[in-house]
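Here's a quick briefing for anyone meeting this structure for the first time. Have a look at the model below, then read on, topic by topic.

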Amino acid sequence: MTGGPELYGFPPPETVPDLRWLGPDYVSVLVYDLTQGLLRQDPRTSVMGVRCEGEPRLDPSVDTSGVIRAHDACFPLQVFVRDGAGRPWRLRGRWTYSGRELGTSAASITHFWQLLSAEGV
């Protein structure tokens, strides 16, 4: 993400092949989706950095033939933002992707943010 926020602590994509269902660069997808969600709340928000605080929790589910059709990936994050009024914040939370019906024409991927704390810095 040239010119984007500083990124820290994310496992390299090649070390987490179970995240391929999010695309070849899961970090860019995550940061884009997270930024869009924050911009919907405050259109002048600026994301300055995102730190993955640990290994993502991966929860695959297989169908009766042993194929992964559902997968959740939960990332513990710190997100450093500047709000529309120019105040810096550190947000801590969990970003989760939920993939369902993967590998089928009905495949869907949703995501959500669980805010655990917000503090001005």
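Val62 has a bridge partner in E4, namely Ile68. That pair belongs to a run of six bridges that joins strand E3 (residues 57-62) to E4 in the antiparallel sense. Keep in mind that this is a predicted model.

**Strands and hairpins**

- E3 and E4 make a hairpin with five residues between them. In that turn, Gly66 has a positive phi of about 90°.
- E4 goes on to pair with E5, antiparallel again, over 12 bridges. One of the matches here is Val81, whose bridge partner in E5 is Trp89.
- E4 and E5 form a hairpin too, with five residues between them. The glycine to look for in this turn is Gly86, with a positive phi of about 90°.
- E5 is joined to strand E6 (residues 108-120) by 12 bridges, and the two run antiparallel. If you want a spot to check, find Thr96, which stands opposite Phe112 in E6.

**The whole chain**

- The protein chain has one helix and six strands, and along the sequence they follow the pattern β-α-β-β-β-β-β.
- The C-alpha trace spans about 55 × 30 × 25 Å along its principal axes.
- Of the chain's 121 residues, 35% count as buried.
- About 7000 Å² of the protein chain is exposed, and carbon and sulfur atoms supply 52% of that area.
- Among contacts with a separation of 6 or more, 55% come from residues 24 or more positions apart.

**The nonpolar core**

- In soluble globular proteins, nonpolar side chains tend to be buried together.
- Here, the largest nonpolar core has 23 residues, and Phe75, Leu77 and Val79 touch the most other members.
- Helix H1 (26-41), strand E2 (46-52), strand E4 (68-82) and strand E5 (88-100) each supply at least two residues of this core. H1 gives the most, with six residues.
- What does Phe75 touch, leaving aside residues up to four places away in sequence? The list is Leu19, Tyr26, Leu30, Cys52, Pro56, Gly93, Arg94, Trp95 and Tyr97.

**The cysteines**

- How many disulfides are there? The count comes to zero.
- A disulfide is a covalent bond between the sulfur atoms of two cysteines.
- Why is Cys52 not bonded to Cys74? The sulfur of Cys74 is the closest cysteine sulfur to that of Cys52, but at 9.5 Å it is too far for a bond, because the cut-off is 2.5 Å.
- Looking from the other side, the closest cysteine sulfur to that of Cys74 is the one in Cys52.
- Both cysteines are tucked away from the surface: Cys52 counts as buried at 5% relative accessibility, and Cys74 is buried with a relative accessible area of 7%.

**A charged residue in a loop: Asp83**

- Asp83 lies in the loop between E4 and E5.
- Is Asp83 buried or exposed? Asp83 counts as buried, because its relative accessibility is 12% and the cut-off for buried is under 20%.
- The side chain of Asp83 makes a polar contact with the side chain of Arg87, at 2.8 Å.
- Not counting residues up to four places away in sequence, Asp83 touches Asp42, Arg44, Thr45 and Trp89. Trp89 is also the bridge partner of Val81 in E5.

Notes: Residues numbered from 1 in each chain as written. Predicted model: local features only at pLDDT ≥ 70, side-chain atom pairs only at ≥ 80, totals over all residues. Heavy atoms only, no water. Core = buried A, V, L, I, M, F, W, Y, C linked by side-chain atoms within 4.5 Å. Buried < 20%, exposed > 50% of the residue type's maximum accessible area, 1.4 Å probe, protein only. Helix = DSSP H or I, 4+ residues; strand = E, 2+ residues; numbered from the N terminus. Contact = heavy atoms within 4.5 Å. Pairing = 2+ DSSP bridges. Polar contact = N/O pair within 3.5 Å; in protein donor to acceptor, adjacent residues only side chain to side chain. Areas by Shrake-Rupley, 256 points an atom, 1.4 Å probe, with all protein chains shown as cover.
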